[in-house]
Amino acid sequence: KKEIREREETITDKEKRIFDLKKKNQELDKFKFVLDFKIRELKKQIEPRQLEIMSMKDKIREMDSELDKYHTLNSNLDGMIGTLRNRIDELQGETRSTRMRAKQQENNITAFKSDIQAAVAHILSPVDLKIAVERLIELHGASGQMKPRIDPDVEQEYSRHKEFLQRSVQQLKHALEEEVDQHTQT
């Protein structure tokens, strides 16, 4: 009897234990259901974020390609700036040398004018004037025949007048030949 009682107690304990485990199992099932629901909700929230992330990645790729274009453009512009700076330096050097030549020519002209004024002082004495002019030629380097510059309008008028005179001479020669022919025939 005692043994039976002990067994019954053991069975009761075991049933109690089974009941407790079943209860815990039900609670765990409830937690599982709640957690599954929360997981589904979180997945629903994650999905739009993933789409957002993908769209952001696309934008980042586009911006990277645009940035590469700007870097290329920037390096090209840097090259152009360097070239233009070199060109500016060259032009400044040319301008400097041109200004120096112009200043030298101005100095030469000023010296020539003062030498001419000194030579003009001898205008009344042809011998002294000739010596002064020869000294001018030595100083200012006019070796050989110098051709004076004439105003283009004056030169054109001169050419026109010369052509007129040449035609007149031709006409007069022709008229003279006709008169000589007529005179010899008579």
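## Arginine 87 and glutamate 90

Glutamate 90 is partly exposed, with a relative accessible area of 46%. The model it belongs to is predicted. The partner of glutamate 90 is arginine 87, and the two form a salt bridge. Their closest N and O atoms are 3.6 Å apart. Arginine 87 also counts as partly exposed, at 42% relative accessibility.

Where do arginine 87 and glutamate 90 lie? Both are in helix H1, three residues apart, which is about one turn of the helix. An α-helix has 3.6 residues a turn, so residues three or four places apart point the same way. Side chains of opposite charge can pair when their charged atoms come close.

## Two further salt bridges

How many salt bridges does the structure hold? There are three. One of them joins arginine 61 to aspartate 58. Here the closest N and O atoms are 2.6 Å apart. Both residues lie in helix H1, with their positions three residues apart in the count, about one turn of the helix. Arginine 61 is exposed, with a relative accessible area of 52%. Aspartate 58 is partly exposed, at 38%.

Another salt bridge links arginine 160 with glutamate 157. The closest N and O atoms of this pair are 2.4 Å apart. Both residues sit in helix H3, which covers residues 152-185. They too are three residues apart, about one turn of the helix. Arginine 160 counts as exposed, at 52% relative accessibility. Glutamate 157 is partly exposed, with a relative accessible area of 41%.

## Aspartate 115, a buried charge

Aspartate 115 lies in helix H1. Is this residue buried or exposed? Aspartate 115 is buried, yet it has no salt bridge. The nearest side chain of opposite charge belongs to arginine 135, 5.1 Å away. A salt bridge needs the nitrogen within 4 Å of the carboxyl oxygen, so 5.1 Å does not qualify.

Which residues does aspartate 115 touch? Leaving aside residues up to four places away in sequence, they are Leu136, Leu139 and His140.

## Helix H2 and the glycine after it

Helix H2 runs over residues 126-140 and has 15 residues. From its first C-alpha to its last, H2 reaches 21 Å. That is close to the 21 Å expected at 1.5 Å a residue. Leu136, Leu139 and His140, the contacts of aspartate 115, fall within the range of H2.

What comes just after H2? Glycine 141 does, and glycine 141 takes a positive phi of about 70°.

## A nonpolar patch

Five side chains make a nonpolar surface patch: Tyr70, Leu73, Leu77, Met80 and Ile81. The patch measures about 490 Å².

Leucine 77 is one of these residues. Leucine 77 is found in helix H1, which spans residues 2-120. With a relative accessible area of 40%, leucine 77 is partly exposed. A patch residue must have over 30% relative accessible area, so leucine 77 passes that cut-off at 40%.

## Distances across the model

Some pairs show how far apart parts of the chain lie. Glutamine 26 is in helix H1 and counts as exposed, at 52% relative accessibility. Glutamine 26 and glycine 82 are 56 residues apart in sequence. In space they are 81 Å apart, C-alpha to C-alpha.

Phenylalanine 33 also lies in helix H1. At 58% relative accessibility, phenylalanine 33 counts as exposed. How far is its C-alpha atom from that of glutamate 177? The separation is 140 Å, for residues 144 places apart along the chain.

Glutamine 156 has its place in helix H3. Glutamine 156 is exposed, with a relative accessible area of 55%. Its C-alpha atom is separated by 121 Å from that of leucine 28. These two residues are 128 residues apart along the chain.

Note on methods:
Residues are numbered from 1 along each chain as its sequence is written. This is a predicted model: local features need pLDDT of at least 70, side-chain atom pairs count only at pLDDT 80 or more; totals for chains, interfaces and linings use all residues. Side-chain values use heavy atoms; hydrogens and water are left out. Patches are made of residues with over 30% relative accessible area and no salt bridge: like charges are joined within 9 Å, nonpolar side chains (Val, Leu, Ile, Met, Phe, Trp, Tyr) within 5 Å. Accessible areas come from the Shrake-Rupley method with a 1.4 Å probe; for residues, only the protein chains shown count as cover. Helices (H or I, at least four residues) and strands (E, at least two) are DSSP runs, numbered from the N terminus. Buried means under 20% relative accessible area, exposed over 50%, partly exposed in between (1.4 Å probe, protein chains only). Lys and Arg count as positive and Asp and Glu as negative; His and the chain ends are not counted. Contact means heavy atoms within 4.5 Å. The expected span of a helix is 1.5 Å times one less than its number of residues.
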